[in-house]
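Let's take a relaxed tour of one protein chain. Keep the picture open as you read, and look up each residue when its name comes up.

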Amino acid sequence: SYAVRSQQRMKTYLDGNLEVAMKFKDKHQTLIDEIEEEEESDWVDKELNYHSKKENAWRDNIAAMEEYPEQIQPELICLGGKQYQRAIGFFREVMLESIP
């Protein structure tokens with residue numbers, strides 16, 4: 001069924017697809033690469049959460065970090081699903097660090 005195929009494709013994406021990773025070696029990024037790219041992206045000045053004025057606090061907290069948590073493997077170059085998994089872990093760490 002379509003739902004089962006879609007679920008399998010999502011699982012494959014999140015697990016990391018070796019074939020895609022080999023095809024696009026020039027697109028792999030470290031966490032630092034991703035953060036620097038975000039700072040220059042079209043999204044940097046867009047308001048995503050109009051319910052709160054604290055949105056830029058995320059960027060400030062990330063900028064204030066002297067080093068990134070080792071468990072999220074910031075130096076590892078990733079692509080696709082592995083990047084997504086690392087981003088979730090990174091934002092979780094930033095959020096925990098931000099809680100007073």
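## The overall fold

Read from start to end, the chain runs α-α-α-α-α. That is five helices and zero strands, where helices (H or I, at least four residues) and strands (E, at least two) are DSSP runs, numbered from the N terminus. Before going on, note that this is a predicted model: local features need pLDDT of at least 70, side-chain atom pairs count only at pLDDT 80 or more, and totals for chains, interfaces and linings use all residues. Residues are numbered from 1 along each chain as its sequence is written, and side-chain values use heavy atoms, with hydrogens and water left out.

How much of the chain is buried? Of its 100 residues, 21% count as buried. Here buried means under 20% relative accessible area, exposed means over 50%, and partly exposed is in between (1.4 Å probe, protein chains only). The chain exposes about 8400 Å², and carbon and sulfur atoms supply 55% of that. Accessible areas come from the Shrake-Rupley method with a 1.4 Å probe; for residues, only the protein chains shown count as cover.

Now for contacts, meaning heavy atoms within 4.5 Å. Take the contacts with a separation of 6 or more: 69% of them are between residues 24 or more positions apart.

## One salt bridge

How many salt bridges does a search of the whole structure find? Just one. The term stands for a side-chain nitrogen of Lys or Arg within 4 Å of a carboxyl oxygen of Asp or Glu. The partners are Arg 86 and Glu 34, at 2.7 Å from N to O. They tie together distant parts of the chain: Arg 86 sits in helix 5 (residues 81-98) and Glu 34 in helix 3, 52 residues apart.

Is Arg 86 buried or exposed? Arg 86 counts as buried, because its relative accessibility is 6%.

## Loop residues worth finding

Start with Cys 78, in the loop between helix 4 (55-64) and helix 5. With a relative accessibility of 7%, Cys 78 counts as buried. Leaving aside neighbours within four places in sequence, Cys 78 is in contact with Lys 27, His 28, Gln 29, Gln 83 and Arg 86. Look at Gln 29 in particular: its C-alpha atom is 5.4 Å from that of Cys 78, although the two are 49 residues apart along the chain.

Thr 30 belongs to another loop, the one between helix 2 (18-23) and helix 3. Thr 30 is buried too, at 15% relative accessibility. Not counting residues up to four places away in sequence, Thr 30 touches Pro 74, Glu 75, Leu 76, Ile 77 and Arg 86. Then there's Gln 73, in the loop between helix 4 and helix 5. Gln 73 has a positive phi of about 50 degrees, though it isn't a glycine.

## Two surface patches

Patches are made of residues with over 30% relative accessible area and no salt bridge: like charges are joined within 9 Å, nonpolar side chains (Val, Leu, Ile, Met, Phe, Trp, Tyr) within 5 Å. The nonpolar patch here has Trp 58, Phe 91, Met 95, Leu 96 and Ile 99, with about 500 Å² of accessible area together. Helix 5 gives the largest share, three residues. One residue in helix 5 is Phe 91, partly exposed at 42% relative accessibility.

The other patch is negative: Asp 33, Glu 36, Glu 37, Glu 39 and Glu 40 gather on the surface. Lys and Arg count as positive and Asp and Glu as negative; His and the chain ends are not counted. The place of a charge is taken as NZ of Lys, CZ of Arg, CG of Asp or CD of Glu. You'll find Glu 39 in helix 3 (residues 31-39).
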